[in-house]
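Here is a short tour for a first look. Keep the sequence and the 3D view open as you read.

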Amino acid sequence: MRKTKMMLLGVLLATASAAWAAPAPTPATGIQQYELKEFTADFTQFKIGDKAPAMYLTPEYNIKQWQQRNLPAPDAGTRWTYMGGNYVQISDADGTISKIYDGEIFYHR
């Protein structure tokens with residue numbers, strides 16, 4: 001019984017000290033809450049810095065009305081496309097992914 005109490009006390013102290021060790025992250029606000037670092041599309045995992053498949057470089061996938069989707073203006077030399085339910089900013093030259101937003105940004109108000 002004493003051994004069980006000591007183990008329970010040790011676990012309690014460990015979790016209490018861990019809670020004090022790191023401050024809680026502040027929740028993202030505005031469109032930052034929709035930013036992603038990676039996503040899955042076409043059965044493939046993509047992340048910032050990867051190259052989008054060639055079909056997403058075609059005009060059919062170019063999003064011209066990005067304001068209506070609550071997206072920021074594309075950076076110079078880039079465009080917005082839609083991959084796997086996410087809005088992805090890719091370079092015009094080679095399709096390198098530079099920004100990713102969850103598709104839910106469309107409903108942001």
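## A strand with two faces

Strand S1 covers residues 38-41, and its side chains alternate. Phe39 and Ala41 point to one face and are buried. Glu38 and Thr40 point to the other face and are not buried. This is a predicted model, and every value below is computed from it.

## The hairpin of S1 and S2

Strand S2 spans residues 44-47. S1 and S2 run antiparallel, and four bridges join them. Glu38 is part of this pairing: its bridge partner in S2 is Lys47.

Two residues lie between the strands of this hairpin. Asp42 sits there, in the loop between S1 and S2. Asp42 is not a glycine, yet its phi is positive, at about 55 degrees. In general, most residues other than glycine have a negative phi. Is Asp42 covered or open to the outside? Asp42 is partly exposed, because its relative accessible area is 42%, which falls between the limits of 20% for buried and 50% for exposed.

A second residue with a positive phi is Asn70, at about 65 degrees. Asn70 is not a glycine either. Its place is the loop between S2 and S3.

## The three-stranded sheet

Three strands form an open sheet in the order S3-S4-S5, and their pairing is antiparallel. Which strands stand at the edges? S3 and S5 do, and S5 covers residues 97-102. Each has a single partner strand, so one side of each is left without a neighbour in the sheet. From one strand to the next, the twist averages 25 degrees.

Now take the pair of S3 and S4. S4 runs over residues 86-91, and six bridges link S4 to S3 in the antiparallel sense. Within this pair, Tyr82 stands opposite Tyr87 in S4. Strands of a sheet pair through backbone hydrogen bonds.

## Thr81, a buried residue in S3

Thr81 belongs to S3, which spans residues 78-83. Its relative accessible area is 0%. Thr81 therefore counts as buried, since the cut-off is under 20%.

What does the side chain of Thr81 reach? It reaches the backbone oxygen of Tyr61, at 3.0 Å. Tyr61 is also among the contacts of Thr81 beyond four places in sequence. Tyr56 and Ile63 are on that list too. So are Asn86, Tyr87, Val88 and Ile90.

## The chain as a whole

The chain has one helix and five strands. From the N terminus on, the elements run α-β-β-β-β-β. Of the 109 residues, 25% are buried. The chain exposes about 7,700 Å², and carbon and sulfur atoms supply 62% of that area.

Many contacts span long stretches of sequence. Among contacts between residues at least 6 apart, 47% join residues at least 24 apart.

## How confident is the prediction?

The average pLDDT of the chain is 86. Scores of at least 70 are reached by 77% of the residues. Where is confidence lowest, and where is it highest? It is lowest in helix H1, residues 2-21, with a mean of 61. It is highest in S2, at 98.

Methods:
Residues numbered from 1 in each chain as written. Predicted model: local features only at pLDDT ≥ 70, side-chain atom pairs only at ≥ 80, totals over all residues. Heavy atoms only, no water. Buried < 20%, exposed > 50% of the residue type's maximum accessible area, 1.4 Å probe, protein only. Polar contact = N/O pair within 3.5 Å; in protein donor to acceptor, adjacent residues only side chain to side chain. Contact = heavy atoms within 4.5 Å. Pairing = 2+ DSSP bridges. Areas by Shrake-Rupley, 256 points an atom, 1.4 Å probe, with all protein chains shown as cover. pLDDT = per-residue confidence, 0-100. Axes fitted to C-alpha atoms, helices over the stretch in contact; angles between N-to-C directions.
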